[in-house]
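Got the model loaded in your viewer? Let's walk through it one selection at a time.

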Amino acid sequence: MARRKESDRAQQNNDDSDSNPNDELEEEPDFDDPEGYEDDISEQDLMGDLIRQRPKETDGVESIVVIDGVPQVGPERIEKLQNVLRKLFQKFGKITNEYYPLNPDGSTKGHVFIEYSNANEALEVLKGTNGYKFDKNHTFTVNLLTDFEKYNDILEKWENPVPQPFKEQGCLQYYLLDQDACDQFSVVYEQGDKVAVYLNTQPEPTLLEERPRWTETLVRWSPLGTYLATFHAKGIALWGGEKFQQIVRFSHPGVQFIDFSPCEKYLVSFSPLADSRATDEPQAIIIWDVLSGLKRRAFNADKSQALPIFKWSHDDKYFARMGVDMLSVYETPSFGLLDKKSIKVQGIRDFAWSPTDNTIAYWVGEEKDTPARVTLLELPSRNEVRVKNLFSVADCKMYWQKSGDYLCVKVDRYAKLRKDKSDIKYSGIYYNLEVFHMREKQIPVDSVEIKETIQAFAWEPVGTKFAVIHGEPPSTSVSFYEVKTGQTPTMVKKYERKPCNQLYWAPSGQFIVLAGLRAMSGTLEFVDTHDFTVMNTGEHFMATDVEWDPTGRYVATAVSWWGHKVDNAYWLWSFQGRILKRVALDKFCQLQWRPRPPSLLSAQQIKDIKKSLKKYSAQFEVKDRLKMTKASKELVEKRRKLMQEYEDLRKQKQEKYAEQRRRRIELRNNVDTDETEGRGGELEEETVEFFIKEETTFIDE
């Protein structure tokens, strides 16, 4: 029943005595909920931001840590103890309060309460000092104050956890069982809207899987090829198995970069927007356990650091990051600092792990009268196995050989140095290649001087050679050096005036592609470094990427839509430089070969197979011919089928065209245009000439 407003009722009684009492009453809207109505919108949906800022019972308590194992000292030594502990614990954050319980005689009880400005700092104290050896008689035990309540709530009767049902994932390495050892590759096209995975069969690749909106940006294979990672607004998903079913998901909103550990045990995800959100713990960098999908540890990000922020050892035992004047090495599976502390390195500029050993190479810049230096550090012993001092250094870059036998440090040296108020300028730049022989006694170092600008450097993955592009375009040269035990690297070949800016070695070594990408219009040169024969040259105009397949049999070149908006396509080549396939896709973005794990064969077994390869080559050739014959028959049959479909469609359209003849004549004022179209009887031909240019040539008599 609608209700009448009191003000309207009073006004009508006083001023409107002549009104009809049967007039309809003015209605007002009723905003009340009907009886029994239940609201299905949660407070979290309506006021999520405010709820996250709501005070909690633990506020002011979560930032307090309790340190046990502190030395018990008398009143005369309390001040000295406080200064020592304060110096230690101030490294982790701002201390707002501290309390030292005392005995009746004024001596300390052996434990201390310290309050920090926020809970994150208290967590860092827990991770960095729990188990810290203060001296030979005292080791700290650190807990959060809130942990005591948690431990008091433990049930007296143990309840076994409910086992989670096992989910069969199938064989994730099935692709290694292909009899012909054909490799797979992924393709992202239509501006990222479609992703397809192909098997590189000959003469035509076989489509294995194609899905729309499989990823929102790009895809990435794991280092051993087990998983395919896709990027989404809410996080990362890993796919695998024959049907590429989803294996695990990692929730990390805004993720833009990921990095797998070499053995695929862990995944690092980075979201540059995470630190801008108000959260109780770091969210920018998260390390995940791939098998369980659990978060192992999170870190804050320094915007000035280059990606990847963390670098992994070859066996997943350690990962490290560089800070200001320090190198922080963490160990797994505890994910705590190695030996509970970072390594102090004044002026550290960059570092790199050996691909086969737990050895870190890092370099330190010049500081006043102190020269720059490159240091090789063994872990976990922290033993410096080699130090090389360098003078007049502007910059360094380190390149490990894949087998870990050699390390090359490219040193940019200067002849003159000029310091401004806010900048340092170098002049007379020249270059040195410092080659460390890692397998030799005392790790000798050889130097190769190159006067010209170095554009690119690359080690042969399996072998002892390295290649260098030097000089200024377009007059760049390519030099090949060979490193032998106990000898200085020697130049074995030099190519003059090569239009290239990138080097791409085959995964198995020996073969290399000299590529001039992007501004150099996509020139390609295929070289056999066994005798330095140029097997072939080619061009993929405006190519942006070059990718070798894992076996070294095929090369893919691509023009990505991310780099150029036209002529987007990928081409497949043989390792000898013969073009095999040209595939143009709408807004093609990315091609990636699926990696393979390292071979289980020993180096000697691989060497024996190469020696006896000719014995098996005849069998392979027969098999290839049969395959090509079968493929040719299938191709002919496919073309015949397409031709028949075309003829049927053409006949159908011709019949329909004939049926509509009478109607066309009626619509065209009874003029039969079928007989005049394409004929010259009723058409006029007009010739138009344009004056383009005039040239005058004088001939001497």
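Start by selecting Arg664 and showing its side chain. Is this arginine buried or exposed? Arg664 is buried, because its relative accessible area is 12%, below the 20% cut-off. Keep in mind as you look around that this is a predicted model. Colour helix 9, residues 661–667, and you'll see that Arg664 belongs to it. Now bring up Tyr657 and Asp674: Arg664 touches both of them, once residues up to four places away in sequence are set aside.

Next stop, another arginine. Select Arg373, which is found in strand 25, residues 372–378. Arg373 has a relative accessible area of 23%, so it counts as partly exposed. To see what surrounds Arg373, leave out its neighbours within four places in sequence and show its contacts: Val345, Tyr362, Trp363 and Val364, plus the run Val387, Lys388, Asn389 and Leu390. While you're there, put a distance label between the C-alpha atoms of Arg373 and Phe391; these two are 18 residues apart along the chain, and the label should read 8.3 Å.

Now select strand 28, residues 406–413. How many of its residues are buried? Eight of the eight are, so strand 28 is largely enclosed by the rest of the structure. Turn on the side chains and look along the strand. In a regular strand, side chains alternate between the two faces of the sheet. Here, Tyr406, Cys408, Lys410 and Asp412 point one way from strand 28, while Leu407, Val409, Val411 and Arg413 point the other way. Charged side chains are included on both sides, with Lys410 and Asp412 in one group and Arg413 in the other, and all are buried.

Stay with strand 28 and add its partners. Strand 27, residues 393–400, runs antiparallel to strand 28 and is joined to it by seven bridges. To check the register, pick Met398 and look across to Val409, its bridge partner in strand 28. The two strands form a hairpin with five residues between them. Click on Gly404 in that turn: its phi is positive, about 75°. Then add strand 31, residues 430–437, which is also antiparallel to strand 28, with eight bridges joining the two. For a register check here, Leu407 has Phe436 as its bridge partner in strand 31.

Time for some empty space. Run your favourite cavity finder, or just select the lining by hand. How many cavities of 30 Å³ or more turn up in the whole structure? The search finds one, and about 60 Å³ of space lies in it. Select Phe257, Asp259, Val268, Phe270, Ile285, Leu307, Pro308, Ile309 and Phe310 to display the residues that line this cavity. Strand 14 (257–260) and strand 15 (266–270) each supply at least two of them. Colour the lining by class and you get eight nonpolar residues, no polar ones and one charged; the charged one is Asp259.

From there, move to the second largest pocket, with a volume of about 1300 Å³. Of the 36 residues that line this pocket, centre your view on Phe92, Glu124, Met326, Leu337 and Ser342, which lie nearest its centre. Which element gives the largest share of the lining? Helix 5 does, with six residues. Along with helix 5 (119–129), at least two residues each come from strand 17 (295–299), strand 19 (318–323), strand 20 (326–331) and strand 21 (336–337). The class colouring looks mixed here: 13 nonpolar, 10 polar and 13 charged residues.

Now jump along to an open sheet of four strands, ordered 41-42-43-44 and paired antiparallel. Its edges are strand 41 (545–548) and strand 44 (579–584), each pairing on one side only. Turn the sheet in your view to look at the twist, which averages 15° from one strand to the next. Zoom in on strand 43, residues 569–574, and strand 44, which pair over five bridges. Ala569 makes a handy marker, standing opposite Ala584 in strand 44.

Finally, zoom out to the whole chain. There are nine helices and 45 strands to colour. Of the 701 residues, 37% are buried. If you plot a contact map, look away from the diagonal: among contacts between residues at least 6 apart in sequence, 44% join residues at least 24 apart.

Conventions
Residues are numbered from 1 along each chain as its sequence is written. This is a predicted model: local features need pLDDT of at least 70, side-chain atom pairs count only at pLDDT 80 or more; totals for chains, interfaces and linings use all residues. Side-chain values use heavy atoms; hydrogens and water are left out. On a 1 Å grid over the protein atoms alone, a cavity is a set of points where a 1.4 Å probe fits but cannot get out, and a pocket is an open set with protein on both sides within 12 Å along at least five of seven lines; lining residues have an atom within 4 Å of a point. Grid points are joined across faces, edges and corners, and a volume is the space filled by probe spheres set on the points. Two strands pair if DSSP finds at least two bridges between them. Axes are lines fitted to C-alpha atoms, for helices over the stretch in contact, and angles run from 0 to 180 degrees between N-to-C directions. Buried means under 20% relative accessible area, exposed over 50%, partly exposed in between (1.4 Å probe, protein chains only). Contact means heavy atoms within 4.5 Å.
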